[in-house]
Amino acid sequence: MTDPLLGDDLVHVAEERLSALLATLRLGTLPPEGTAEIARIMRMLAGRIGPA
């Protein structure tokens, strides 16, 4: 079920970006800031938007 505060479009974009970041992680080409971005996206998708 989609969080009504996030909206379907935002969730879709976040999931697509997360997928792309995880693919680069598997390839070993994830830039250092990519880990922080993955964490932010996962927190957002889990409904816990806030500082790291």
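## Buried residues in α2

Which residues in α2 are buried? In this predicted model, the buried set in α2 is made up of Gly34, Glu37, Ile38, Ile41, Arg43 and Met44. Part of the cover over these buried α2 residues comes from α1.

Just past α2 you'll run into Gly47, which has a positive phi, near 85°.

## The chain as a whole

Zooming out, there isn't a long list of elements to keep track of: the secondary structure comes to two helices and zero strands. Helix α1 takes in residues 8–27, and helix α2 takes in residues 32–45.

The chain has 52 residues, and 23% of them count as buried. Its accessible surface comes to about 4000 Å². Carbon and sulfur atoms account for 62% of that surface.

## How the helices meet

Now for the way α1 and α2 sit against each other. Their axes come within 10 Å and cross at roughly 145°. As for handedness, α1 passes α2 in a left-handed crossing.

On the α1 side, the contact is made by Leu10, Val11, Ala14, Glu15, Arg17, Leu18, Leu21 and Leu22. Facing them from α2 are Gly34, Glu37, Ile38, Ile41, Met42, Met44 and Leu45. Sort the residues of this contact by class and you get eleven nonpolar, one polar and three charged.

Several names turn up twice here. Gly34, Glu37, Ile38, Ile41 and Met44 are buried, and these residues also belong to the α2 side of the contact with α1.

## One salt bridge

How many salt bridges does the model have? The count comes to one salt bridge. The partners are Glu37 and Arg17, with their closest N and O atoms 2.8 Å apart. This pair ties together distant parts of the chain, since Glu37 lies in helix α2 and Arg17 in helix α1, 20 residues apart.

Both partners are also on the list of residues where α1 meets α2. Glu37 is buried. And Arg17, buried or partly exposed? Arg17 is partly exposed, because its relative accessible area is 38%, and partly exposed covers the range between under 20% (buried) and over 50% (exposed).

Methods. Residues numbered from 1 in each chain as written. Predicted model: local features only at pLDDT ≥ 70, side-chain atom pairs only at ≥ 80, totals over all residues. Heavy atoms only, no water. Salt bridge = Lys/Arg side-chain N within 4 Å of Asp/Glu carboxyl O. Helix = DSSP H or I, 4+ residues; strand = E, 2+ residues; numbered from the N terminus. Buried < 20%, exposed > 50% of the residue type's maximum accessible area, 1.4 Å probe, protein only. Axes fitted to C-alpha atoms, helices over the stretch in contact; angles between N-to-C directions. Left-handed = near helix turned anticlockwise from the far one by under 90°. Contact = heavy atoms within 4.5 Å. Nonpolar A, V, L, I, M, F, W, Y, C, P; charged D, E, K, R; others polar. Areas by Shrake-Rupley, 256 points an atom, 1.4 Å probe, with all protein chains shown as cover.
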